[in-house]
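This briefing goes through a structural model topic by topic, and the sequence and coordinates are best kept in view while reading.

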Amino acid sequence: MLSDLQSREFIYEHPILAEVEYSFKHALTQEVAYNSLLTERRRLMHERTAGGIEALFAGRLDDHLGELAHHYNPQRQCS
C-alpha cells in the first residue's frame, strides 16, 4: 500500500539512519486520510504509536514528550 501511495505521490519516503519515515505531500491529504478513520480506530492507532515510542526510546523519553502527549491525548490537538 505504501508503494502505491508513493507512486501516486501522496506520500514521500524519508530514510533516517536505519529507519524510514513517511510524510504526506500535502497537509490536506493527511487531514482527509485522518478524518476518514473511525474514532475508535484512530484512538487505537494513537495508543499503539505511543506505546511504540515508549518502547523504542525508553532511555530518552524526555526527547519525545511532545509526540507522546499528542498520541496519548489526540482529541485535544486533532479534533
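In this predicted model, a nonpolar patch on the surface is formed by Leu2, Leu5, Phe10, Val20 and Tyr22, which together offer about 400 Å² of accessible area. Two elements, α1 (2-7) and β2 (19-24), each contribute at least two residues to the nonpolar patch. The points below begin with one member of that patch and then turn to the pocket, the chain, the salt bridges and two individual residues.

**A member of the nonpolar patch**

- Leucine 5, one of the residues of the patch, has its place in helix α1.
- Leucine 5 has a relative accessible area of 33%, and because this value lies between the 20% and 50% limits, leucine 5 is classed as partly exposed.
- The value of 33% for leucine 5 is also over the 30% that a residue needs in order to enter a patch.

**The largest pocket**

- The largest pocket holds about 1,500 Å³ of space, and among the 32 residues that line this pocket, Glu21, Tyr22, Gln30, Thr49 and His71 are the closest to its centre.
- Two or more lining residues come from each of α1, β1 (11-16), β2, α2 (27-35), α3 (39-56) and α4 (65-72), with α3 giving the most, namely 9 residues.
- By residue class, the lining of the largest pocket comprises 15 nonpolar, 10 polar and 7 charged residues.
- Tyr22 appears in both settings, as one of the residues of the nonpolar surface patch and as one of the residues closest to the centre of the largest pocket.

**The chain as a whole**

- The protein chain contains 5 helices and 2 strands, and read from the N terminus its elements follow the order α-β-β-α-α-α-α.
- Taken along the principal axes, the C-alpha atoms of the protein chain fill a box of roughly 35 × 35 × 20 Å.
- The protein chain has 79 residues, of which 11% count as buried.

**Salt bridges**

- Side chains of opposite charge can pair when their charged atoms come close.
- The count for this model comes to 5 salt bridges, including the pairs described in the points that follow.
- One salt bridge joins glutamate 9 and lysine 25, whose closest N and O atoms are 3.7 Å apart, and this pair links distant parts of the chain, since glutamate 9 sits in the loop between α1 and β1 while lysine 25 sits in the loop between β2 and α2, 16 residues apart.
- Both partners of that salt bridge are partly exposed, glutamate 9 with a relative accessible area of 44% and lysine 25 with one of 49%.
- Another salt bridge brings together the side chains of glutamate 40 and arginine 43, at 2.4 Å from N to O; these two residues both lie in helix α3, 3 residues apart, about one turn of the helix.
- Glutamate 40 is partly exposed at a relative accessible area of 49%, and arginine 43 is likewise partly exposed, at 34%.
- Glu40 and Arg43 also belong, together with Glu47, to a network of linked salt bridges.
- Arginine 60 and aspartate 63 meet through their side chains in a further salt bridge, for which the N to O distance is 3.8 Å.
- Aspartate 63 has a relative accessibility of 56% and therefore counts as exposed, the limit being over 50%, whereas arginine 60, at 46%, counts as partly exposed.

**Two individual residues**

- Which sign does phi take at glutamate 9? Glutamate 9 has a positive phi of about 60° although this residue is not a glycine.
- For context, most residues other than glycine have a negative phi.
- This backbone feature falls in the loop between α1 and β1, where glutamate 9 lies.
- Glutamine 30, one of the residues closest to the centre of the largest pocket, lies in helix α2.
- Buried, partly exposed or exposed: what is the class of glutamine 30? Glutamine 30 counts as partly exposed, because its relative accessibility of 43% falls between the 20% and 50% limits.
- Between glutamine 30 and arginine 48 the separation is 18 residues in sequence and 19 Å in space, taken from C-alpha to C-alpha.

Conventions. Residues numbered from 1 in each chain as written. Predicted model: local features only at pLDDT ≥ 70, side-chain atom pairs only at ≥ 80, totals over all residues. Heavy atoms only, no water. Patch = residues over 30% accessible without salt bridge, like charges linked within 9 Å, V, L, I, M, F, W, Y side chains within 5 Å. Areas by Shrake-Rupley, 256 points an atom, 1.4 Å probe, with all protein chains shown as cover. Salt bridge = Lys/Arg side-chain N within 4 Å of Asp/Glu carboxyl O. Helix = DSSP H or I, 4+ residues; strand = E, 2+ residues; numbered from the N terminus. Buried < 20%, exposed > 50% of the residue type's maximum accessible area, 1.4 Å probe, protein only. 1 Å grid on protein atoms, 1.4 Å probe; cavity = no way out; pocket = protein on both sides within 12 Å on 5 of 7 lines; lining within 4 Å. Points joined across faces, edges and corners; volume = space filled by probe spheres on them. Nonpolar A, V, L, I, M, F, W, Y, C, P; charged D, E, K, R; others polar.
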